[in-house]
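Here are some notes for a colleague who is meeting this structure for the first time. They are meant to be read beside the sequence and the 3D view.

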Amino acid sequence: MSDIETTDVDMFTIGNNLRELREQKRVTQMQVVDVLGVSYTHYAKIEEGMRGMSLKMLIKLIRYFETDANTILGSAAMGVA
């Protein structure tokens, strides 16, 4: 069993990381939701840090933004202080 609990994941950091990636790619939230196949509200809440995401969505985001999980989740979520 892992010693990392879900409470260690900072949803606001994840949201900010996604927003930064989206802005760097110069795409709108609507363009991202078209790729993910989710509602605008669902994705907007993820960027606001108000909602989590599935592993499937994380993988889609990694591919879309051509990045890795550490960049999206942040080092704290990976157990790095």
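**Notes on a buried asparagine, the core and one helix**

1. In this predicted model, N17 is buried, because its relative accessible area is 15% and buried means under 20%. The residue is found in helix α1, and a polar atom of its side chain lies 3.0 Å from the backbone oxygen of I72. Leaving aside residues up to four places away in sequence, N17 touches T71, I72, L73 and G74.

2. I72 also appears in the largest nonpolar core, which has 16 residues, and is among those with the most contacts inside it, together with L18, V32, L36, Y43, L61 and F65. The elements that give two or more residues to this core are α1 (11–25), α2 (29–36), α3 (40–47), α4 (55–65) and α5 (69–73), and α4 gives the most, with 5 residues.

3. Y43 deserves a separate look: not counting residues up to four places away in sequence, Y43 touches L18, R22, Q29, V32, V33, L36, V38, L61 and F65.

4. Which residues of α4 are buried? They are M57, L58, L61, Y64 and F65, and, seen down the axis of α4, the buried residues fall within an arc of 130°, so they line one face of the helix. As background, an α-helix has 3.6 residues a turn, so residues three or four places apart point the same way.

5. What covers the buried residues of α4 includes α1, α2, α3 and α5, whereas L55, K56 and R63, on the other side of α4, are exposed. Just after this helix, E66 takes a positive phi of about 50°.

Technical notes:
Residues are numbered from 1 along each chain as its sequence is written. This is a predicted model: local features need pLDDT of at least 70, side-chain atom pairs count only at pLDDT 80 or more; totals for chains, interfaces and linings use all residues. Side-chain values use heavy atoms; hydrogens and water are left out. A nonpolar core is a set of buried Ala, Val, Leu, Ile, Met, Phe, Trp, Tyr and Cys residues joined through side-chain atoms within 4.5 Å. Buried means under 20% relative accessible area, exposed over 50%, partly exposed in between (1.4 Å probe, protein chains only). Helices (H or I, at least four residues) and strands (E, at least two) are DSSP runs, numbered from the N terminus. Contact means heavy atoms within 4.5 Å. The arc is that of the directions from the helix axis to the C-beta atoms. A polar contact is a pair of N or O atoms within 3.5 Å; within protein, one must be able to donate a hydrogen and the other to accept it, and residues adjacent in sequence count only if both atoms are side-chain atoms.
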